[in-house]
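Here is a short note for a colleague who is opening this entry now. The points are numbered so that each can be checked on its own.

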Amino acid sequence: MSMKSGSLGRYIAMRVALAIPMIFVLLTLVFVMLRVAPGDPISASSGGAKMSQEKIDELRAAAGYDRPLIVQYGDYLADVVRFDFGTSVSTNQQVSDVILEKGGATVTLATGGLVFALLLGIPVGLLAGRFRDSAFDVFARLFGIITYAAPVFVVGLLAQQLFATKLGWFPLEGETDPLIANDIPATTHILILDAIWVNDWEVVWNVLWHLILPAATLGLLIVGVFIRMVRVNLIQTLRGDYVEAARARGIRERDVVVKHGFRNALVPVITVIGLQVALLLGGSVLTEKTFNWPGLGKQLIEFLNSRDYVAVQGLVTFIALVVVVISMLIDIINALIDPRVRY
Amino acid sequence: MTTANGTDSTTRTGSGTSRDTTAPVLAARDLRVWYGSERGPVAAVDGVTFDVRPGETLGLVGESGCGKSTLGRGVLGLLPPGAAVDGEVRFAGKNLVDLSARQLQQLRGPELGLIFQEPMTRLNPLMRVSEHFEEALRTHNGDLTKDEIRTRALDALRGMGIPASRYESFPHEFSGGMRQRIMIALALVLRPAFVVADEPTTALDVLVEAQIIQILADLRRNFDTALVLITHNLGIVAEACDRVAVMYAGHIVEQGDAREVFANPQHPYTQALMRSTISLSTTGLHYIPGSPPDLAHPPAGCRFHPRCPKAMKVCAQEAPPEVLLPNGTRNTCWLPVPDMTTADGRRPLEVEEISVADEA
Ligand SMILES: Nc1ncnc2c1ncn2[C@@H]1O[C@H](COP(=O)(O)OP(=O)(O)OP(=O)(O)O)[C@@H](O)[C@H]1O
Ligand code: SF4
Ligand SMILES: [Mg+2]
């Protein structure tokens, strides 16, 4: 696009600068909620198990939990700046290694869920808006409300029962069949991309086949938002002044609806994607649990179950950072598409 | 330039004066437009007849809500889904009221144009000015090359004082006055024979207003475009219009040569409207007492009778006829036709009778 790059550059710089205080606030929230509330991670991780007070004190001192909170807070921020998210108490793994190892599966699932929601939500929303108050419109709105309100694990279990157990169309759980992907080298740490990289199409299809049910489950959680927003946008756009003006110039009705209606109605979808990222990641925790999908969400629940609060804090910190960065990227993409955003 | 032909047959008895020799581009006969509403059908335009000739500007004035925009849109077939149209609009040998949506769409642009009141929101914010022109020209003139489109668009823009360097800009990079000039260029690039300008300057400041009015005046001189100029501003009508039509509650109550109507308003509503206009010479602020009628339930007889200072008994009972006055203007009122009314009917209407007639 041959736009005034000066103003675009300025906008991006401003948006990046704005992300820094957002990150700071989020990190502070994570620290306060996870560190201050449950005492300290060491005694928490011991749970009900018998551990001598000396042993606990020794571990606490080693981990630095005996120092004042404000010092710990400073350390925490300094670590995050170096992308050091701590070391798991339960598995002794670096949390950053866990992220590298499991993050790919979550990216795959979240992307699959988003693609499913967009592929279903946009056409349904556009048709519902174009043929407002038709039977299709009423059905689409109802569908959006129900899928939004239905809990992820209920939808997931129903999908498993019907399409995996009963019909056998899709596998019940996991990201691949067992052992099939063991010899794929981890290039990007996203299995499906790594498989494409080495031209192992059997694995690619296997992952896609495993992905469909969980992605649909996750996608249904947010598809209602897209349907509703696209529908309302289109109705408003088609009533708008420039649409009427286009008709007054004798533009063909098909072009009016598609070029002036659809295109303009879809611009805010990008913003909404940004707003849905948090819901998408939250939903993927439950979806991963339901479908035994080997991602960060499932890992997070395992860390929670073993009261590994250091690892939980590391993962939550990382997820918070991801949400901020994605919403920033979305705003920048938005500015590229809609010239008005930059002013 | 496309001019209407075959419209001669529609100039029926008494329509137009003997001075108007050229055939009208567009001739409306007994045009009616209703909107559906919860309170019943709203007759926003209720039996309107007028002609517009090539190069002529017809000013359309009247209080807010009297149906001016509805009339302008009805002629171009641009009404919302709930509206119904009846009557006749002769243009190029066709009755526009009978045309299909597709046929009307093809006429809009190359034959019929519309300029709106609010220029700020009338351009698609995601499309460059160039894309607006490309879309319009390509839709109606499929075999133009990209270069020809560019040349024609830049010519039209230059005529409106928009430099070629702004061709690739987005709408938000222009001021309101510039956007209105772009809208006008966009309407005129296809050289329509008939254009409705619906309060084209109401949203703009006075200097820009003068500029736009000048542009519209040049337009009819240079291209022989017939223009219906809807406005609240009687000053603009006096300055820019050849003829004027005064609307009240869905009717045209007086129409004729603009100078004649202004110098010598015949209809009580026109007189009241002129008196209510603020000018340097007026001392007090005049206004027309009462408010315009509810068009879902208009008063019987003459629609102006509840507010007319000269109302007679007959006015509350029967709708007045349209008559051609000796000065060439057309007037819809009982006053100039005493021989059509009885002595009793000519008695001044009492206030009590108004309320009785209203309830009837
Ligand atoms: N879409 C619509 N549905 C129902 N009624 C309408 C609609 N548009 C206009 N009307 C009614 O029709 C009447 C005429 O409206 P119109 O907009 O033509 O008036 P106008 O003379 O252009 O007024 P203004 O000077 O305020 O622009 C009004 O009573 C209005 O309430
Ligand atoms: S017909 Fe009667 S009420 Fe109507 S304008 Fe004429 S005098 Fe007034
Ligand atoms: Mg209007």
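**Notes on domains and ligands**

1. Start with chain A and its two domains. Domain 1 of chain A and domain 2 of chain A bury about 1,300 Å² between them, and carbon and sulfur atoms give 79% of that area. On the domain 1 side, three residues lose the most area to domain 2 of chain A: A:Leu315, A:Ile330 and A:Asn334. Together they make up 35% of what that side buries. Bear in mind that this is a predicted model.

2. Where do the domains of chain A begin and end? Domain 1 is built from two stretches, 1-90 and 306-343, while domain 2 covers 103-303. The contact draws 19 residues from domain 1 of chain A and 13 residues from domain 2 of chain A. Their C-alpha centres are 27 Å apart.

3. Now the fold of chain A. How many helices and strands does chain A have? The count is 13 helices and zero strands. Read from the N terminus, every element in the run is therefore written α: α-α-α-α-α-α-α-α-α-α-α-α-α. Along the principal axes, the C-alpha atoms of chain A fill a box of roughly 85 × 55 × 40 Å.

4. Chain B also has a domain 1 and a domain 2. Domain 1 of chain B joins 16-111 with 192-359, and domain 2 of chain B spans 124-191. Seventeen is the count on one side of the contact: 17 residues come from domain 1 of chain B, and twelve residues come from domain 2 of chain B. The centres of the two domains, taken over C-alpha atoms, are separated by 32 Å. The area buried between domain 1 and domain 2 of chain B is about 1,100 Å², with 74% of it from carbon and sulfur atoms.

5. Turn to ligand 1. Which residues come nearest to ligand 1? Of the 13 residues around it, they are B:Ser64, B:Gly65, B:Lys68, B:Ser69 and B:Thr70. Helix α1 of chain B (residues 68-76) gives the largest share of this shell, three residues. By class, the shell around ligand 1 holds five nonpolar, six polar and two charged residues.

6. Look next at the oxygen atoms of ligand 1. One is 2.4 Å from an N or O atom in the side chain of B:Ser64. A polar side-chain atom of B:His232 lies 2.9 Å from an oxygen atom of ligand 1. For B:Cys66 the partner is a polar backbone atom, 3.3 Å from a ligand 1 oxygen. On its own, ligand 1 has 630 Å² of accessible area, and the protein covers 64% of it.

7. Last, ligand 2. There are 13 residues around ligand 2, and those that come nearest are B:Cys302, B:Cys308, B:Cys315, B:Cys333 and B:Trp334. What is the shell around ligand 2 made of, by class? The shell has ten nonpolar, two polar and one charged residues.

Note on methods: Residues numbered from 1 in each chain as written. Chains lettered and ligands numbered in written order. Predicted model: local features only at pLDDT ≥ 70, side-chain atom pairs only at ≥ 80, totals over all residues. Heavy atoms only, no water. Near = heavy atom within 4 Å. Polar contact = N/O pair within 3.5 Å; in protein donor to acceptor, adjacent residues only side chain to side chain. Areas by Shrake-Rupley, 256 points an atom, 1.4 Å probe, with all protein chains shown as cover. Helix = DSSP H or I, 4+ residues; strand = E, 2+ residues; numbered from the N terminus. Nonpolar A, V, L, I, M, F, W, Y, C, P; charged D, E, K, R; others polar. Domains from an automatic or database assignment. Contact = heavy atoms within 4.5 Å. Buried area = accessible area lost by both parts, 1.4 Å probe.
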